[in-house]
Amino acid sequence: MAKLVIEVIDANDLMPKDGHGSASPFVEVEFEGQRKRSSTKHKSLNPSWNEKLEFFVKNPSFLSSQTIEVFMYNDNKHGHHKNFLGKVRISGSSVPFSEEEALVQRYPLDKRGIFSHVKGDLALRVHAVHGSEGAPPLQEINHEKINNSIRKKERELRRTFYSLPAPSSSDDQRTVLIEPRVDFSKAGPVPTTTSILKMLFSGEKAAEYGGVVETTPPLAARMGYWGRDKTASTYDMVEAMNFLYVSVVKAMDLPVKDVTGSLDPYVEVKVGNYKGVTKHFEKNQNPVWNRVFAFSKDRLQSSLIEITVKDKDVSKDDFVGKVTFEVPDVPTRVPPDSPLAPQWYKLLDKEGGLLKRGDIMVAIWMGTQADEAFPGAWHSDAYRVSEDNINTTRSKVYYTPKLCYLRVHVIAAQDLVSSEKSRPPDPIVRVEVGGQGRTTRAALSKGTNPEWNQELMYVASEPFNEYIVVSVEDNAAGGEVIGRCYIPLKSVPQRIETTKLTDALWYVLQKTNVAGNEDDQKKDKFASRVLLRMSLDSGYHVLDESINFGSDMQPAAGQLRKPSVGMLEVGILGARNLSPMKAKEGRTTDAYCVARYGNKWVRTRTLLDNLHPLWNEQYTWEVFDSCTVITIAVFDNCHINGNDGKDQRIGKVRIRLSTLETDRVYTHAYPLLVLTPSGLKKNGELHLAVRFTCTAWVHVVAQYGKPLLPKMHYNQPIHIKHVDLLRHFAITVVSSNLARAEPPLGSEIVDYMVDTDYHIFSLRRSKANFHRLMLLVNNVQNVSTWFVNICLWKNPLTTILVHMLFFILVCFPELIFPTMFLYLFAIGLWNYRLKPRHPAHMDAGLSQAETAQPDELEEEFETFPTPISRSPDTLRRRYDRLRTVAGRVQGVSADMATQAERVLCLLSWRDPRATAIFTFFSLFWAVLLYVAPFQIVALIIGIYVLRHPRFRYKLPPVPVNFFKRLPSRSDSLL
């Protein structure tokens, strides 16, 4: 008989239950009616057991469908009473049958009910061991009894969620999956097996990677009047998190402690084991700090708040004075109440006596994350971060500047002088704006008065403080600069939704040795000049992301922008089961979330060393077009310790607003999938609450008939050769602006959010696009198969009904279009019951990420252009594979060209006999249709096409044989 071994390691940060700020915890495990418990660790909130509990497993084959329940209690009054500290439920499908594969995992403690006060986590190591005795014979097992007991437990412990149908399925019905309730994750190194995934989804591989789970968090937006918190604010898309706020404003008339008569004061705020410190001021008895500290109420380990003023010293800091407060006496503030007014308090000495000098101004209140002091406050969960790096953990909102296209039309130049008098110059023009440099081609007419007539485009950002640098270079002299001019970007005229070009102007070119020197410019009476036509085209929308998942399509000009049509509210609740990104450093993950919609970027605070972060932050965007996409990604913060490394990707989610019902709160857990050179990896789940509120129904409906981009894109379209380069310029401008913010958003974040490498060739992405195309072709094939079955009388009743419908439409042709649209209406009405119940997600199967080969992924993540250090064998293998794929594409394109050429050969007399046959055939049908009524001809053709199989032949019909015999130009190819 097999055994289940549960090793209880330790627990951290438990809830005090004995009334003295501590607890005496013990662990109790239940499995298949067996119950065992660990020893009691007295007076410890961070107990350590290292005890093993063994259970008998009656049938190992049913272990995957069972659940292990682990409870933690506080041993009160020597075992006569016990207080609930938390529970953990573990799915049997995650239990390995090998002690070597078993890893220490930290499970967050769950509540027993809505009134339970629980916090902390429990470390367990679970595995099963096969015993020496075999399982009883199958014929002796009472299957009915076991199945009934399993089904009974599953009904109690399982939840139902809906997943998207697999792309290859022929029907569109929803697939109902049953998932065991699991609330845990690994805290150790990432195993090579897929045990983490099996913890979450005990189904097929598609469900393992791509399931979107609908959740029911206790949000105020989902509760009625009687269920919601009446004291809650409009911050209703997240769960309320209570914080103790301590605002240290300033101090006055502080006593001097040093012999020198100086004072370097700072304030230390201490609540239990958490301690926050302000910066110190040198030689200042009246310092002003204006610092806010936020302590999580769930983690408070003491009811005493100590605010101590100290004097910074080299050896040991001196005590200046303190004030103390009791947590139960702290008032509660609920926005939109005005901020709590700070008050002056007299400082006390160490014994509690009143000091003769010294006052401190503080404000203390209980609030939530909706408080305006929350984003800039020092948080107790970031107590290990230094003062210099604390900004990298804070939540911020960023707005990127308005972008517009700069159009520079280089027309001609006059009086160019080469450095070598013996030869005429071979000039080219180089134009640079904000680090974006482009060069014209060689002049159409070379010499001292060249002409180019070439248009260059750039991306400019407000407030347009940069200069346009125009340089005329001599290509024959190795790029020697003939002349240069600086044009302020603000002086360039704006062009708004018009095709009328601006006036071309002559700009004087200065020599490089006199450019910028006014005195030398006055002496240089003769100078070359260049003719330019420039304009800031603010009627376009600057595309910094792919149009397929764009978040904003508004023009750059403010006067052309339409009013908003709705409001998008996103509650970033938290993440579960994140992979430990810093496992090599002995830590887990410092996760934060970034969301982007339009020009507004938001960043949540960083939660340190946590695999189950709970942000519960809510953000709002104005929506100008419902056919847009919001992107939300999770990153691992690598700047906590002052490192300059890049933040690691954990995963991202895209949600299209047009797929959301208005005024409905969507709460789902989205899988965080990342494609790495080693393959597809699931790094956890992101828990979001999303609501789209429509404020202008008429405008939303009318938008479906309007173009996606502004009118300027269609009246004067941008050449296709400029599109990718301009997108690269726009991403560079956005990255440079966000990198200068505080805290900065690095270029790796921007690149991941906007998919910089979306246009670069990827064999995996090519397969995915081909698969998408085949899915559409399958629908056409299904229709053709249905029609063939009608013609072959596979279903006589359906064929008879089609015949009747055909006769009616032939006799009454005016009913053709009404019948067609009525049929489309009926299909849409029928498919309404099959509409998706949750937003779409990142589909690993559709992306061909599960089946991608290692060499394909290595090529996809290769930098462009390919580095020289790459081995020739690898390049040869990739080239051979590319030739194979290109050969197939070449074959398909050749077949399409052959069929098109045969159509043209019908009347080209290349095959005189075939053309003569078709010509006389056309004359015959023209006379027949002119003489005979059209309805009779259509009826005869329809009866012939739908004839019974008894009157059919297996050979191809005559028209097909005739068409395939027509010549094409394939025989003329070398």
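Me: In this predicted model, how many bridges join strand S1 to strand S8?
Reply: Strand S1 covers residues 2-12 and strand S8 covers residues 121-129. The two run antiparallel. One bridge pair is Asp10 with Ala123 in S8. The number of bridges joining S1 to S8 is nine.

Me: Which strands are the edges of the open sheet that holds S1 and S8?
Reply: The sheet has four strands, and the pairing is antiparallel. Their order is S4-S1-S8-S7. An edge strand pairs on one side only. The edges are strand S4 (48-57) and strand S7 (105-108).

Me: What is the average twist from one strand to the next in that sheet?
Reply: The order to follow is S4-S1-S8-S7. From one strand to the next, the twist averages 30 degrees.

Me: Which residue stands opposite Val431 in S26?
Reply: Strand S23 spans residues 427-433, and strand S26 spans residues 467-474. They pair in the antiparallel sense over seven bridges. Opposite Val431 stands Val470.

Me: Where do S23 and S26 sit in the order of their open sheet, and what is the average turn between neighbouring strands?
Reply: The sheet has four strands with antiparallel pairing, in the order S24-S23-S26-S27. Strand S24 (436-439) and strand S27 (480-488) are the edges, each pairing on one side only. Ignoring direction, neighbouring strands are turned against each other by an average of 15 degrees.

Me: How many residues does the largest nonpolar core have?
Reply: Val431 and Val470 are among the residues with the most contacts inside this core. Tyr405, Leu406, Val459, Ile468 and Trp601 are also on that list. Leaving out residues up to four places away in sequence, Val470 touches several others, including Val429, Val431, Cys485, Ile487 and Leu532. The size of the largest core is 61 residues.

Me: How many residues are in the second, separate core?
Reply: This core includes Ala595, Tyr597, Leu611 and Leu688. Its size is 36 residues.

Me: Are H9 and H10 roughly parallel or roughly perpendicular?
Reply: Helix H9 (residues 763-791) packs on helix H10 (residues 796-811) with the axes 8 Å apart. The angle is about 95 degrees. Angles of 65 to 115 degrees count as roughly perpendicular. Therefore H9 against H10 is roughly perpendicular.

Me: How many charged residues are in the contact of H9 with H10?
Reply: Trp786, Asn789 and Ile790 are on the H9 side. They meet Thr798, Thr799 and Val802 in H10. By class, the contact has three nonpolar and three polar residues. The count of charged residues is zero: there are no charged residues.

Definitions and conventions
Residues numbered from 1 in each chain as written. Predicted model: local features only at pLDDT ≥ 70, side-chain atom pairs only at ≥ 80, totals over all residues. Heavy atoms only, no water. Pairing = 2+ DSSP bridges. Axes fitted to C-alpha atoms, helices over the stretch in contact; angles between N-to-C directions. Parallel < 35°, antiparallel > 145°, perpendicular 65-115°, else oblique. Contact = heavy atoms within 4.5 Å. Nonpolar A, V, L, I, M, F, W, Y, C, P; charged D, E, K, R; others polar. Core = buried A, V, L, I, M, F, W, Y, C linked by side-chain atoms within 4.5 Å. Buried < 20%, exposed > 50% of the residue type's maximum accessible area, 1.4 Å probe, protein only.
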